[in-house]
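Subject: The structure I promised you

Hi,

Here is the structure we talked about. Have a look at it first, and then read on for what turned up in it.

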Amino acid sequence: MKKLAVLLFATLLGATAAQAAEYQFDTKGAHAFVQFRIKHLGYSWLYGRFDKFDGNFVYDEAKPEASSVEVTVDTTSLNSNHAERDKHLRGKDFLNVAKFPTATFKSTGFEPKGDGKAVLTGDLTLHGVTKPISIDVTEIGGGKDPWGGYRQGFTGTTEFKLKDFGIDYDLGPASQTVEMILDVEGIRK
Amino acid sequence: MQTRNSDTHYGWVAVAFHWMMAPAIIGMFALGWWMRGLSYYDPWYRQGPDIHKSVGILLLVLLVARLLWRWANTSPKPEPAPRWQQQAAAAAHWVLYGLLLAISVTGYLISTADGRAIEVFNWFSVPASLQGFENQEDIAGLVHKWLAWSLMGLVVLHGLAAFKHHFINRDATLRKILGIGARNNA
């Protein structure tokens, strides 16, 4: 009887696992990155990142179209390896983090394109402005980790004009668009 | 004109310290305020902050030298005035020194927050020391700005008081710091 109960429990557990699983970004182990790049004068790429953010996603290999993601970014954690520039980027000319300390992304759709690729759509709230964006997503991999957990990882890229989010400091004609490079590894809850 | 201060006169060193630093300090405030509004393609976008940082370090050096000179020296006795005015004037002078020191330090903490040194006119560089506070450049920047505004408020008061002594009390306060001695027709 006891054996049966254990078996039943294990089956139930297995069944839930096979359904849409929830994943938490591995921010603790820093296996997730929110990065951006923008052209400097049109001559080179400048890279920066946000050091503090959190998020989770729901992903089911068998039913990928039901996937969803939520991310919250602490805009004060912007880091471009240069304190004076970071201060400027956090200030009123750009992100105005005193007024808008968080940026969020909430997905509204996930369209698999086959071969591990997909288009993730959702609402980005940045600098107090909410606009729909779409992110090109590629599944990198997923499976058991060596420490008894289960992980799933993706990379995504998107781009948008700073002006679309009310940031109109003039960096020059080649620097109107910022690209975001998002890499996440989620640990199954 | 003597080098050291006396009970009635400022020596030329003290006078020189005052008049080298006063215009530089007011100029630094103007430059700091103006350069924050520059566009990215303005030729001054890089030059403005470079000059601001270089002059700031030099002013800090002057301030330390000035304080050492003050401590190694006597100060002229204040002109006759109600006791509270003499005390307020003395307090204002020390607050001016304190603000200058704090503004210099917070400015330094902005530019060195990531470990970068401050280049002083391609002459020498001052390395970073205190760094790694979370959002150090933002906090130091905010304090730097409000202390600078406080300083300017006090500078206006300091100047008005000097004119009041000169034109209303008709005493030698302003003449002493100009190094032209006491009035003989007062």
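Let's start in chain A, where β2(A) and β3(A) make a hairpin with three residues between them. Look for Leu41(A) in the turn: its phi is positive, at about 60°. Before going further, keep in mind that this is a predicted model.

The two arms of that hairpin are β2, residues 32-40, and β3, residues 44-50, and they pair in the antiparallel sense over seven bridges. If you want one spot to zoom in on, take Lys39(A), whose bridge partner in β3(A) is Trp45(A). β3(A) also pairs with β6 of chain A (residues 78-79), again antiparallel, through two bridges. There, Arg49(A) has Asn79(A) in β6(A) as its bridge partner. A handy thing to remember while you rotate the view: side chains in a regular strand alternate between the two faces of the sheet.

Now for chain B. Its secondary structure adds up to five helices and two strands, and along the sequence the order is α-α-α-β-β-α-α. Along the principal axes, the C-alpha atoms of chain B fill a box of roughly 55 × 30 × 30 Å.

How do the two chains meet? On the chain B side 17 residues are in contact with 18 residues of chain A. Together the chains bury about 1,400 Å², and carbon and sulfur atoms give 43% of that. Three residues stand out here: Tyr40(B), Tyr41(B) and Glu137(B) supply 39% of the area that chain B buries against chain A, more than any other three residues.

Glu137(B) is worth a second look, since this residue also forms a salt bridge with Arg90(A), with the closest N and O atoms 3.0 Å apart. Side chains of opposite charge can pair when their charged atoms come close. How many salt bridges run between chain B and chain A? The count is four, and the structure holds 14 over all chains. Another salt bridge is formed by Glu134(B) and Lys52(A), at 2.2 Å from N to O. Glu134(B) sits in the loop between β2 and α4 of chain B, while Lys52(A) sits in the loop between β3 and β4 of chain A, so this pair joins two chains.

Last stop: the second largest pocket, with about 1,500 Å³ of space. Its lining has 47 residues, and those closest to the centre are Tyr10(B), Ala89(B), His93(B), His158(B) and Thr173(B). Which helices of chain B help to line this pocket with at least two residues each? They are α1 (12-35), α2 (44-71), α3 (83-111), α4 (136-168) and α5 (173-178). Sorted by class, the lining has 30 nonpolar, eleven polar and six charged residues.

Happy exploring!

Methods:
Residues numbered from 1 in each chain as written. Chains lettered and ligands numbered in written order. Predicted model: local features only at pLDDT ≥ 70, side-chain atom pairs only at ≥ 80, totals over all residues. Heavy atoms only, no water. 1 Å grid on protein atoms, 1.4 Å probe; cavity = no way out; pocket = protein on both sides within 12 Å on 5 of 7 lines; lining within 4 Å. Points joined across faces, edges and corners; volume = space filled by probe spheres on them. Helix = DSSP H or I, 4+ residues; strand = E, 2+ residues; numbered from the N terminus. Nonpolar A, V, L, I, M, F, W, Y, C, P; charged D, E, K, R; others polar. Pairing = 2+ DSSP bridges. Contact = heavy atoms within 4.5 Å. Buried area = accessible area lost by both parts, 1.4 Å probe. Salt bridge = Lys/Arg side-chain N within 4 Å of Asp/Glu carboxyl O.
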